Amino acid sequence: MRNAHAVADVRAAEQALMAGLPPGALMQRAAAGLAAVCAGLLPRVYGARVVVLAGSGDNGGDALYAGARLARRGARVVAVAAGTRLHEGGGGALRAAGGLLTGPDDQGLQATMHAADLVLDGLLGIGGRGGLREPQATLAALAAAARGGGTTVVAVDLPSGVDADTGEVTGAAVSADVTVTFGTWKAGLLIDPGAAHAGLAHLVDIGLAPHLPAPAAAAYGAADVAALLPRPDRESDKYRRGVLGIVAGSDRFTGAAALAVGGALRGGAGMVRLVTAPAAAAVVRQHWPEAVITVTGEDGGEIAAAGRVQAWLAGPGMGTDEPARSRLAAVLATDLPVLVDADGLTLVAREPELVAGRPAATLLTPHAGELARLLRADPAAVTARRAEHARAAAGAFGCSVLLKGSTTVIAPADGGPLLVNPTGTGWLATAGTGDVLAGLAGALLAQGLEAGEAAAAAAYLHGISARYAAGGAGGHPGGEAPIGAGDVIGALPEAIGAVSGA
């Protein structure tokens with residue numbers, strides 16, 4: 001698991017650690033780890049051309065000391081002083097090692113950066129807020145141009161211009177191939193758009209762990225998900241495996257029900273009880289004859305008639321008319337865990353009191369547009385500040401919230417650490433995959449996982465399944481290929497097997 005800490009907690013931990021170390025020792029630890037990663041990225045260190053973009057803060061010092069270590073191994077290092085001042089110790093170390101210092105107004109700087117094998121971004125540290133100003137913005141643009149020409153860009157601790165706590169990018173920012181972060185992960189490295197700027201991230205241990213509090217965010221790994229997944233034993237039967245009730249589909253949207261049921265069954269549910277319209281029921285019977293179906297009618301008693309379940313999923317394609325609203329209200333009136341998705345979210349946005357004060361767990365699974373409606377916010381703002389808005393919704397509705405998107409984030413109802421999914425892929429941007437995710441997460445709820453755990457495990461498996469389906473895990477010798485939601489369902493058993501064996 002990748003645990004990420006807030007900037008304030010990182011600063012406090014650094015101060016506590018430095019109190020027991022000789023002056024400068026912590027920076028030297030960081031610089032040694034940074035230099036080692038950079039050396040591994042170069043074909044060879046001797047003769048390599050390295051440019052250090054050095055701001056006036058500690059990240060600039062880390063970069064300069066790392067540059068000095070590379071220079072002592074024969075690299076040709078040029079440092080660009082981009083701040084109001086240069087870190088004195090780091091600058092001195094670089095000069096002593098044979099490195100050169102220049103400024104952002106150097107007329108030959110563009111050519112120097114294009115000719116470089118590696119550029120180190122030490123412009124701003126984790127305390128930076130907002131987009132880069134000049135001359136840092138111009139230097140970031142030069143780094144981007146050099147990267148386009150084949151130069152490797154390495155960010156020090158965090159790409160400059162990315163908010164360390166939120167991943168927000170509000171202006172000019174560095175896009176790195178690799179980010180070397182120190183002591184602990186930062187949420188901005190895990191959450192888009194910051195994660196997209198970070199490239200491949202490496203964590204260098206500098207001894208902060210004993211001084212850090214509980215994390216602000218965490219990203220599950222395969223072993224973490226494997227530990228959560230229920231495994232049937234010799235005494236298991238379909239009821240003990242977890243029975244999920246699903247309210248989904250309509251005469252117009254028949255596929256949503258089939259996809260949600262498929263996600264649930266391939267996600268391990270022992271049984272699915274579906275409440276749906278006649279046309280959708282016919283489609284589901286063709287694809288999933290094992291589903292137990294209650295067809296909607298005019299008496300309004302379908303939820304009670306469906307039979308006993310361990311959790312409910314309500315929303316995909318079910319409509320937003322009064323009968324749909326009544327079914328959702330009936331589901332939410334139970335004392336069972338409930339996942340609300342799609343049309344169900346539209347109904348909750350209209351009538352938030354539907355989920356208020358529920359005694360059992362409620363999981364909302366919106367995309368950015370749906371969350372914007374729930375919060376009456378701007379969708380662009382939700383996309384830019386995903387963590388902030390997911391937490392706001394969790395607090396406002398008293399529910400766990402899974403915000404879908406380029407980075408899926410889960411805000412637990414109890415205000416615990418934000419959970420971030422690292423397995424997302426652009427191949428999931430196709431119709432119906434959200435219905436599959438809802439079915440999968442609902443199945444995990446029915447099998448006894450807590451809402452946040454079910455959401456995080458489902459998002460992880462969903463992403464892995466998409467990669468398998470698209471060929472990213474070796475399924476297609478020619479590389480990745482377009483997929484549909486049904487392909488994700490088909491790949492779920494393989495993905496679960498792979499994760500379970502991790």
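This dialogue goes through several features of the structure above, which is a predicted model.

Colleague: Let us begin with a helix. How far apart are the end C-alpha atoms of helix 10, and what span should its twelve residues have?

Modeller: A helix is expected to advance 1.5 Å a residue, which means that the twelve residues of helix 10, residues 255-266, should span 16 Å. The end C-alpha atoms of helix 10 are 16 Å apart, in agreement with that expectation.

Colleague: Is helix 10 largely enclosed by the rest of the structure or largely open?

Modeller: The term buried is used for a residue with under 20% relative accessible area. Ten of the twelve residues of helix 10 are buried, so the helix is largely enclosed by the rest of the structure. The buried residues are A256, A257, A258, L259, A260, V261, G262, G263, A264 and L265.

Colleague: Which elements cover the buried residues of helix 10?

Modeller: The cover includes strand 10 (243-247), strand 11 (271-276) and strand 13 (311-314). It also includes helix 11 (278-287), helix 18 (433-446) and helix 20 (485-500). After helix 10 comes G268, which has a positive phi near 105°.

Colleague: Some of those strands belong to a sheet. How should a sheet be read, and what is the order of the strands in the open sheet of eleven strands?

Modeller: Strands of a sheet pair through backbone hydrogen bonds, and the pairing is either parallel or antiparallel. In this structure, the open sheet of eleven strands has the order 1-9-18-17-16-15-14-13-10-11-12, and its pairing is mixed. Strand 1 (2-4) and strand 12 (292-295) stand at the edges; each has a single partner strand, so one side of each lacks a neighbour in the sheet. On average, neighbouring strands of this sheet are turned by 20° against each other, direction ignored.

Colleague: How many bridges join strand 13 to strand 14, and do these strands run parallel or antiparallel?

Modeller: Strand 13 and strand 14 (residues 338-340) run parallel and are joined by three bridges. As an example, L313 has L339 of strand 14 as its bridge partner. Helix 13 (residues 322-332) packs on the sheet and touches strand 10, strand 11, strand 13, strand 14 and strand 15 (362-364). The direction of helix 13 makes about 145° with that of strand 14.

Colleague: Helices also pack on each other. At what angle do helix 2 and helix 3 pack, and how far apart are their axes?

Modeller: Helix 2 (residues 25-41) and helix 3 (residues 58-72) pack at about 55°, and their axes are 8 Å apart. An angle between 35 and 65 degrees counts as oblique, and helix 2 and helix 3 are therefore oblique to each other. The crossing of helix 2 and helix 3 is right-handed. Helix 2 makes the contact through M27, Q28, A30, A31, A32, L34, A35, C38 and A39. Helix 3 contributes D58, G61, D62, A63, Y65, A66, R69 and L70.

Colleague: Let us turn to the backbone. Is the peptide bond from E134 to P135 cis or trans?

Modeller: The bond from E134 to P135 is cis, and its omega is near 5°. P135 is placed in the loop between strand 5 (118-122) and helix 6 (136-148). D192 and P193 are also joined by a cis peptide bond, with omega about 5°. P193 lies in the loop between helix 7 (187-190) and helix 8 (194-198).

Colleague: What is the phi of D157, and where does this residue lie?

Modeller: D157 is not a glycine, yet its phi is positive, about 75°. This residue lies in the loop between strand 6 (152-156) and strand 7 (178-182). D157 counts as buried, at 4% relative accessibility. R376, which is not a glycine either, has a positive phi of about 55°. The place of R376 is the loop between helix 15 (368-375) and helix 16 (379-384). R376 counts as exposed, at 64% relative accessibility.

Colleague: Finally, residues apart along the chain may meet in space. Which residues are in contact with A187, leaving aside its neighbours within four places in sequence?

Modeller: A187, which is found in helix 7, is in contact with A4, A164, D165 and A217 once those neighbours are left aside. A187 is buried, with a relative accessible area of 7%. A187 and T166 are 21 residues apart along the chain, and their C-alpha atoms are separated by 6.1 Å.

Methods
Residues are numbered from 1 along each chain as its sequence is written. This is a predicted model: local features need pLDDT of at least 70, side-chain atom pairs count only at pLDDT 80 or more; totals for chains, interfaces and linings use all residues. Side-chain values use heavy atoms; hydrogens and water are left out. Helices (H or I, at least four residues) and strands (E, at least two) are DSSP runs, numbered from the N terminus. The expected span of a helix is 1.5 Å times one less than its number of residues. Buried means under 20% relative accessible area, exposed over 50%, partly exposed in between (1.4 Å probe, protein chains only). Contact means heavy atoms within 4.5 Å. Two strands pair if DSSP finds at least two bridges between them. Axes are lines fitted to C-alpha atoms, for helices over the stretch in contact, and angles run from 0 to 180 degrees between N-to-C directions. Angles under 35 degrees count as roughly parallel, over 145 as roughly antiparallel, 65 to 115 as roughly perpendicular and the rest as oblique. A crossing is left-handed if the near helix is turned anticlockwise from the far one by less than a right angle, and right-handed if clockwise.
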